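Me: Hey, I've just opened this one and I'm new to it. Can you walk me through it?
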2 protein chains.
Amino acid sequence: MSKGEETRRAIVEQAVAMASRDGLAGVSIGRLADQLAMSKSGLFAHFKSKEELQDQVLQAVSERFIDRVVRPGLKAPRGAPRLRALAEGWLRWGTADAYPGGCPIFAAIAELDDAPDDRVRQRLVGMMRDWIDVLVTTCRQAIEAGHFRRDVDPVQWAHDLQGVQYAFYVARRLLRDPGAEKRWRRSLDALFERSSGDPQRQARA
Amino acid sequence: MSKGEETRRAIVEQAVAMASRDGLAGVSIGRLADQLAMSKSGLFAHFKSKEELQDQVLQAVSERFIDRVVRPGLKAPRGAPRLRALAEGWLRWGTADAYPGGCPIFAAIAELDDAPDDRVRQRLVGMMRDWIDVLVTTCRQAIEAGHFRRDVDPVQWAHDLQGVQYAFYVARRLLRDPGAEKRWRRSLDALFERSSGDPQRQARA
């Protein structure tokens with residue numbers, strides 16, 4: 001890695017921690033320069049604008065999410081076990097200490113929902129859509145494998161899984177509910193159960 | 001209303017709009033003074049600190065939520081119909097144009113989840129717990145009325161309803177998914193269906 005690339009990575013890493021605590025709007029080039037003992041102009045040599053830096057922060061978090069959640073999850077057996085592995089990875093992501101102020105994506109959702117449709121917002125929406133696509137495809141495979149019923153709607157399934165994760169995140173991080181993980185597991189089990197292709201269950205329905 | 005009280009309300013109103021767009025951290029006494037054509041010291045005469053102002057913002061939003069969601073919802077018939085009315089009110093709240101930058105509570109959740117446990121965070125957690133208590137109590141009444149099965153856990157139910165709402169909010173506001181409300185309705189129906197005390201359903205189980 002070149003010296004320039006190394007510096008660039010160190011800046012992004014620091015900016016990610018800042019965004020985790022203070023949101024993307026809280027990423028300040030002045031404060032970053034202080035923390036890294038660089039001049040502001042030295043920092044600007046790597047990033048032309050605050051927007052570019054925010055975009056890089058989102059990209060760095062996305063790469064980490066792919067490394068820690070998506071890739072390991074996709075190694076699980078196709079279908080329902082893979083969906084469960086992805087959901088478990090997402091849970092661990094939401095409880096990891098990797099980010100001092102919690103998942104920067106969750107913070108960015110609330111921050112950018114009403115923002116103008118610029119490059120940063122588009123990056124976030126693109127990341128979310130990519131992740132939803134992974135869930136939809138995996139859910140479709142679970143139907144094909146007979147793990148899930150034929151009438152399960154994969155887009156609805158991915159939507160409902162998001163709800164399970166967001167409710168967990170709020171219970172765990174805001175409410176500091178010690179039962180948050182137990183609740184998460186019960187919500188997830190209910191989602192799998194009602195999608196289940198278990199033939200006995202289908203006969204009863 | 002006294003002149004002082006009127007001014008105070010005008011300040012809070014403006015601060016609520018600011019928090020909706022820029023988060024609680026974005027509530028700036030300097031910008032508020034500008035927007036209201038007041039001096040900063042005039043503004044400080046009403047609010048001793050930024051923290052007090054943020055606290056008042058949350059209180060004002062909470063009062064509005066009670067007026068628009070809780071009170072009308074509680075007028076619906078006890079049990080499942082009342083739960084549905086509360087959920088519908090919450091949906092409308094999340095789609096209302098009352099807040100230029102979306103629900104200030106949703107934004108505050110992401111902002112304060114990792115914040116020190118000060119007065120503002122305690123206010124937010126207290127508001128959320130009060131709302132969850134309304135849902136838990138109403139769910140319990142739905143069980144007593146026989147609308148829901150005896151084995152439904154009201155705390156889990158309120159947790160799952162939160163998931164339904166958060167997933168909707170993200171789909172609608174961040175992803176701008178035109179099908180967000182349809183998905184919300186399907187998630188809600190599934191939640192009611194699996195809680196349903198319909199005796200035929202219980203006999204089958």
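Reply: Sure. Bear in mind that this is a predicted model. A place to start is helix 8 (residues 154-174) of chain A and helix 9 (residues 180-195) of chain A, whose axes come within 9 Å and cross at roughly 170°.

Me: How do helix 8 and helix 9 of chain A run, parallel or antiparallel to each other?
Reply: Angles over 145 degrees count as roughly antiparallel, so helix 8 and helix 9 of chain A are roughly antiparallel to each other.

Me: Which residues meet there?
Reply: From helix 8 of chain A, they include A:W157, A:L161, A:V164 and A:F168. On the helix 9 side of chain A, A:W184, A:L188, A:L191 and A:F192 are among them.

Me: And how do the residues of that contact divide into nonpolar, polar and charged?
Reply: The contact of helix 8 with helix 9 of chain A has ten nonpolar, three polar and four charged residues.

Me: New topic: what superposes chain A on chain B?
Reply: A rotation of 180° with 0.0 Å of shift along its axis does it, with an RMSD of 0.0 Å. The two copies are thus related as by a two-fold rotation axis.

Me: Which residue of chain A comes closest to that axis?
Reply: That's A:G163, with its C-alpha at 1.9 Å.

Me: How many residues are in contact between the chains?
Reply: 43 residues of chain A touch 43 residues of chain B. The area buried between the two chains is about 3,700 Å², and carbon and sulfur atoms give 57% of that.

Me: How many salt bridges are there between chain A and chain B?
Reply: Six. B:R173 forms a salt bridge with A:D113, with the closest N and O atoms 3.5 Å apart.

Technical notes. Residues numbered from 1 in each chain as written. Chains lettered and ligands numbered in written order. Predicted model: local features only at pLDDT ≥ 70, side-chain atom pairs only at ≥ 80, totals over all residues. Heavy atoms only, no water. Axes fitted to C-alpha atoms, helices over the stretch in contact; angles between N-to-C directions. Helix = DSSP H or I, 4+ residues; strand = E, 2+ residues; numbered from the N terminus. Parallel < 35°, antiparallel > 145°, perpendicular 65-115°, else oblique. Contact = heavy atoms within 4.5 Å. Nonpolar A, V, L, I, M, F, W, Y, C, P; charged D, E, K, R; others polar. Least-squares fit on C-alpha atoms with pLDDT ≥ 70 in both. Buried area = accessible area lost by both parts, 1.4 Å probe. Salt bridge = Lys/Arg side-chain N within 4 Å of Asp/Glu carboxyl O.
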